Structures are given as structure tokens and as C-alpha cells.
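Here's a quick run through the charged and aromatic side-chain contacts in this one. Have the viewer open and follow along.

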Amino acid sequence: MATARTGIEWTDATWNPMTGCTQISAGRDHCYALTLALTKTRASYLRGAPIKDTAANRKDPFAPRFWADRLQQPLRWKEPRRIFVNSMSDVFHAHFGLDLLRRVFDVMVEAHWHQFQVLTKRPERAARLATRLPWAANIWIGTSIETLAFGHRADALRMIDHAAVRFISAEPLLGPLHELDLTGIDWVIGGGESGQGFRQCKPEWARGLRDLCRRSGVAFFWKQWGGVRAKAGGRLLDGRTWDEYPVSLDPA
């Protein structure tokens, strides 16, 4: 699945050469990728063989899968775009071996006119493998931090000095992060949770994160307040939108 345009405010397109994942933190309790895998994309996902080809995984639409036929999609997009890599999976899930990771990274290096936003909940594995992967200035690496309980992920992110941009996704923001260490971090995305059973984001959490970014000289992007529908709460934080990026997208 490669989407030429997307409703995700902080990116221009999504590219999913991998799909499927497993939950490792409370921030994924209402994971939209899992919801889609069990509903709209279920039939198409089940047509592919899972990486770990077991009877249980063949019946599970959210078991990790690799889609070689999607690899070349960014090369066909000639207009520069910010591309969210694997919105329906995690590039650094343990099921994806080094050979598969290299195939994805090779495409990102070749498609040098795009900016690739790789977001992982497994920055420790990303740090371990970083020296064995090709990097370029257009490849960003980020991790999800929903509460300070996962602040250690930022430490692993700082170890990946091959990436031109390191970023944090605090979405859904489930607690205060105003004490998070942003040393070596270039960009922070914040946002409330959406979907049935969403957990309310408190305004003081959003303000604390924004103010931390301003003190630290880190670009800040407030995606949404959330609600049953993603856009239900709007995007304004203290009367304005926050759409900062660490690097401009060069149209040349």
C-alpha cells in the first residue's frame, strides 16, 4: 500500500513495503493500523504470506508481511514529498531481517529528492543495526514516546548518529513530557488520541511539550487534539496551529 496523498498532517504520503506489527506499549492500545488490518485491508493482507509462515500467522492479517511489489513506488513519485515509511507497520520489527531492511533503505537512498520519515517503537534495534544500513541526508529516524515511562527510547534514538534528522512522535500524548530530555532531537510531533475509547489529552500536557520544544530549540508540530474522529478536536493550540519542520522540503 502506497498512498500518493494522505490525511496525516505532518507528512505528504505513506509508503508501506511492510505491514503488520505487535503491540509493545500502551500508546498502541487503539492502533489505527491494527483496526484497518482487521477491517478494510483484511482481505488484501491475507493474500500475502507472513514473514513467519505459520498457520496462525496466515490467518492473522496483522502478522508482519513484506511486499516486494511496493518497493519501487517512491521512485515513481517525481515531485519531492515527505513520506511516512510504514504507517501500517514498524520497519524495525524483529521479523524484518537485515536483508529486507537494506532493500527498503536502498530505495530511500536512491529516491534522494524525497524526505523519508521512519518512525519506530523499537529504536534500540534501530541503533544496533544502524551501522549496517545505508543512510542519506533524506532519511529521518523517529520513535514514539507517549509518556515519560518510554523516555528511554530517546536515549536509543540519540545513538543513531547516521540520521540527518531525529524526531519524536508524542502521539497519542498520554501524560506530561515537559521533563523529557530533547538533547540531539530535531523535531517533535504531538497529538491527542482518536477512535472509540480514546483517552483525553490534557491541555497542560500539550503546552508543556510545546514550551519544552521552544526552550530546547526543537521544531514542534501539533497534529490534533483527537476524539472519536481524528479531526474532531481540531488542531489549534492556544489559538494557532503549530506546523514547524526541522528541514524544509527542497522542491528542486
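A quick bit of vocabulary to start: buried means under 20% relative accessible area, exposed means over 50%, and partly exposed is anything in between. Keep in mind that this is a predicted model. A search of the whole structure turns up 13 salt bridges, and there are 14 aromatic pairs as well.

**Salt bridges**

- R210 and D238 meet through their side chains in a salt bridge, at 2.7 Å from N to O. R210 sits in helix α8 (residues 203–216) and D238 in the segment after β10 (219–222), so this pair ties together parts that are 28 residues apart in sequence.
- The two partners don't share a burial class: R210 is buried at 8% relative accessibility, while D238 comes out at 43% and so counts as partly exposed.
- D90 and R122 also pair up side chain to side chain, with 2.9 Å from N to O. That contact links distant parts of the chain, 32 residues apart: D90 is in the loop between β5 (82–85) and α5 (98–110), and R122 is in the loop between β6 (115–120) and α6 (123–129).
- D90 has 0% relative accessibility, so it counts as buried; R122, at 11%, counts as buried too.
- R153 bridges to E146, with the closest N and O atoms 3.9 Å apart. Both of these residues are buried.
- There's also a salt-bridge network, which links E9, E171, K223 and K231.

**Aromatic pairs**

- Seven names to highlight together: W10, F84, W140, F167, W187, F221 and Y245 are joined into a cluster by ring pairs.
- Among the 14 aromatic pairs is W10 with W187: the ring centres are 6.1 Å apart and the planes are at 75°, so the pair is edge-to-face. W10 is in the loop between β1 (2–3) and β2 (13–15) and W187 is in strand β9 (residues 187–190), which puts the partners 177 residues apart.
- W10 and W187 are both buried.
- W140 and W187 make another edge-to-face pair, because their planes are at 85°, with the centres 5.5 Å apart. W140 is in strand β7 (residues 139–144) and W187 in strand β9, so the contact ties together parts 47 residues apart in sequence.
- W140 is buried, at a relative accessible area of 1%, and W187 is buried at 0%.

**Charges over rings**

- R240 lies over the face of W242, at 3.5 Å from the ring centre.
- R70 has its charged end over the ring of W67, 4.5 Å from the centre.

Key. Residues numbered from 1 in each chain as written. Predicted model: local features only at pLDDT ≥ 70, side-chain atom pairs only at ≥ 80, totals over all residues. Heavy atoms only, no water. Salt bridge = Lys/Arg side-chain N within 4 Å of Asp/Glu carboxyl O. Helix = DSSP H or I, 4+ residues; strand = E, 2+ residues; numbered from the N terminus. Buried < 20%, exposed > 50% of the residue type's maximum accessible area, 1.4 Å probe, protein only. Phe/Tyr/Trp six-rings, centres within 6.5 Å; stacked < 30°, edge-to-face > 60°. Lys NZ or Arg CZ within 6 Å of the ring centre and 35° of its normal.
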